Structure formats: structure tokens, C-alpha cells
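Biologist: I'm new to this structure and a bit lost in it. Could you pick a single part and walk me through it closely?

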Amino acid sequence: MPMSRRTLTALALTAFVLPLSACGSGGDGGGSADASGRIEGDITFQTWNLRANYKDYFEGLIADFEKKYPGTHVKWVDQPAEGDADKISADAAAGTLPDVVNVSPDLLAPLAKAGLATDLDKTAAQYKKEYLPGAWDGQRIPGLPGTYAFPWYLNTGPMFYNKALFEEAGLDPDEPPTTYDELFADALRMAKQSNGRVATLGNVPTIEDFGRYGASLMNEDGTAFTFNDAKGVELLTKYKQLYDAKALDPQALTATPESTGKKFLTGAVAMNPGSALDLENFKKQAPSLYKNIGITDQISNTGHVNMYVMGLMVNATTRHTPAAIAFAHFVTDAENQMAFAKKVAIFPSTAGSLDDPYFTKEDGTDVTRVRVAAAKSLKTAVNYTPVLFSDQMKTVLRNEVAKALQGKESPKAALDNAVKACDRLLKQQG
């Protein structure tokens, strides 16, 4: 499975609702199991669509663990990525959830609420210092005390920009915007200089943009969304100005990553998020763009870029807590994460790993060029998407943003409506 930024986004499927009556204790988040006993017994480890490309890595990892802890046996179950939420939900309801499960934060949240995820702050707090603070915090659930999964691999993506288009607009091609104010000023200038031919951006703002802009996204106890605050309204108002000036691509309301990528390829859009895979594509399909490509961090007012984080959850009902905790930690320790990162285009969540020359030294290749840029930003990155923000909520926000950009609603009314609808959906999650 290609581990690009888009792949990780796609893995964060819509949150599911567990029938709590079938799943244990409900509101306490679990975590009462004793992890101090002997590390032994049979456990099951579940991943999603990794066997085809990484069979040797995981089989070697399991063999190393079983050698380190005689008396343990790990059964590896790899499921198709499609339908992972339904599969986890069914296993949880039936009481057949594996001992260690690969989860994205949105899949973790209902399991923690149902008392099925072990609270690592209670059972494995000694390991916290081994991970990047942002990665560890990414496994917390609003409204629940504790941390419910070991951070595993991370990903992020830089912004690409077309230096030639910046230069044509009279902008410094070596000084791309780093804040939203700089971005908006540059975008309006580019649209004016090109008579609306070149838009700087090709996508409408998402929940991540509201976070990077500095808006509050959700209250601390996880019971209500708050992205309709003054900062949120300000961001959407600015995007409305871009849209009217054609500094935001006219087709942004219905854009997909693929369609925006094509516009960037042809010079109709000047900036676009991407990955090393995109650079290779530019080199083959658009040599003139490749020659003029610039790489910079995601735009942010907070000083922190967005990251995507995956984790390993330990089932709170496992009969072999010490072994399950030990295995989840083993898979996610610095040595094994580094080994995995050298096989896949992902980044380790362990503290200090991003200082390795693999992530800091360039060798002239495109893959390394992007890897170094992304790794640098990941050290202080955060996951802006609230773990309780489902795909259905993302659609609600996108639709309301479109109404504001088209002038059918004011930015304030659009965000008020989006928050109201998302809060309703939140209550339905239970």
C-alpha cells in the first residue's frame, strides 16, 4: 500500500458507532488491566492491507519479538483496507476484537468510548517519553482522560509552488508565503497580474485549514464544535475574497486532489500540497514545471503543520495484557519504526528519530528532497482534524463553505450552520 499523505487521509474513514451495551463498560475508557505480569501467551495483531507489500518485514518483526519473549506467539491478521470501520465495529460487538489493532484516531475514538481501548497513561506511562509529544497527544480522545494507542507511523506533505508563476506576478520565487496573510496577499496579486488566468489555490478550506489558521475547532470535553469562532469566520471571509478575485480556482468547489493536481501540472494553479510521488510525476509529465518547482512548508499561522498519525491500540479485554502491551511497544519502538520508514514513504513517531541522517541529509534525489522537508516540519506537527470529526461532518462543512463562497450565505451563517449540523451528528455518535 503506498503510504502517501493521501493514503493516510483515505484510511481515516468515517467514524462508526459501537453498540455500547455489547462492548463493555461504556464511559470509563477501559485501562484497568494489569500490564505488570509475565510477558507470555498467544495474541492476535491486526493490520490493514499491508501483507501484499510488507510481508517479510512483519514476519521478521514478529519472529524477533517471539525470540525476545519466549512463550509468546503472535498471529498476524491482515484485512482489506476497504470496510475497516465496519470490520472493527462487528468484531467489537461480537467480542472478537484482536489483541493489538492498527487504528487511525477516528477509529480509535468509539473503541475508547466503549471501554475497549487500554489507557496507556495507566498501563504504559513509562513509554510516553519515547514518542513525539504531538504523536502521543494524537491518541487522546476529547472528553476522556488518557491515551489509547501507541503512536505508530506519521505522514505529512509539503506545499509545492511554481516559481515561474510567482516570478511572473512580481513575487520573489525564493520567498513563498508562510502565513495565511502572506498567502492571501500573494494570491490576490497573482490573480490581478494574470487577469484571473492563474489561481494560487485550487481547494476550498478544510477543517485542517481552520486549525492552521488559528481557529478553535472543538471544546475541551469533546461535546461541541467551535470552528465558527471569529478566526474561523475571518478565514472563510478571506477565501470568499479570493474566490471573487479568481485567486481561488473557480472549480475549487468540486475539486478533487486529482483534478487540482492536473491544474497545478498545467500552470492554472500556482500552489498545491503533494508528496515525493508527485515530484516524479512532474519530472515525467511537465519538465518545465519540474525545473521551476519550489518546496515549502504547509501554510500555518500557528507555527505547526498538520500531520496524519496512525496507532496501535491494545484491546482492554485481552487475556494477555503484558504481552499485548509489549508487542505494541515493540512494533512502535524507535528501531522498528526506523526500519519500517526505510521501506515505506512514512515517518517514525519516536522522539529523536527524525534527526537521523536519513531524514536530514539530501542526496540530490527527489524522494529525499521531499522527505527531508517533511521530516523537518513533523517534529512539532499536530493533528488538526478532531478525532470525532467524521467524513459526514467533512461533507457538511464543505457544502456550507461552498454556499459562502457562492454568496448564498454569509461566512458567519455558513459556519454557524455547519457547527449546528456537526453537533447533531456528534450526538448521534453516542
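Modeller: Sure, but one bit of vocabulary comes before anything else: a residue counts as buried under 20% relative accessible area, exposed over 50%, and partly exposed in between. Keep in mind too that this is a predicted model. To try the words out, take Lys246, in the loop between helix H10 (230-244) and helix H11 (257-266). Its relative accessible area is 43%, so Lys246 is partly exposed. The phi of Lys246 is near 65°, a positive value in a residue other than glycine.

Now for the part I'd like you to look at: strand S1, residues 41-48. Is S1 mostly open or largely enclosed? Six of its eight residues are buried, so the rest of the structure largely encloses S1.

S1 has two strand partners to look at. With strand S2 (residues 72-79), S1 pairs in the parallel sense over eight bridges. If you want a spot to find on screen, Gly41 has Thr72 of S2 as its bridge partner. With strand S3 (residues 100-103), S1 also runs parallel, joined by two bridges. Here you can look for Phe45, whose bridge partner in S3 is Val100.

What does the chain do after S1? A loop lies between S1 and helix H2 (51-68), and Asn49 sits in that loop. Like Lys246, Asn49 has a positive phi in a residue other than glycine; for Asn49 the value is near 55°. Asn49 is partly exposed, because its relative accessible area of 33% falls between the 20% and 50% cut-offs. Take S1, H2 and S2 together and you have a right-handed β-α-β unit.

Let's step over to S3 for a moment, since residues 100-103 bring us to Val103. Leaving aside residues up to four places away in sequence, Val103 touches Ile88, Leu108, Leu111, Ala149, Met310, Gly311 and Met313. Val103 is also one of the residues with the most contacts inside the largest nonpolar core, along with Phe225, Phe227, Met313, Leu397 and Leu405. That core has 75 residues, and helix H19 (residues 411-429) supplies the largest share, eight of them. There is a second, separate core of 49 residues, which includes Phe58, Tyr153, Phe327 and Leu354. As a rule, nonpolar side chains in soluble globular proteins tend to be buried together.

So, back where we started: S1 is largely enclosed, with S2 and S3 as parallel partners.

Methods
Residues are numbered from 1 along each chain as its sequence is written. This is a predicted model: local features need pLDDT of at least 70, side-chain atom pairs count only at pLDDT 80 or more; totals for chains, interfaces and linings use all residues. Side-chain values use heavy atoms; hydrogens and water are left out. A nonpolar core is a set of buried Ala, Val, Leu, Ile, Met, Phe, Trp, Tyr and Cys residues joined through side-chain atoms within 4.5 Å. Buried means under 20% relative accessible area, exposed over 50%, partly exposed in between (1.4 Å probe, protein chains only). Helices (H or I, at least four residues) and strands (E, at least two) are DSSP runs, numbered from the N terminus. Contact means heavy atoms within 4.5 Å. Two strands pair if DSSP finds at least two bridges between them. A crossover is right-handed if, with the strands pointing away from the viewer, the path from the first strand over the helix to the second runs clockwise.
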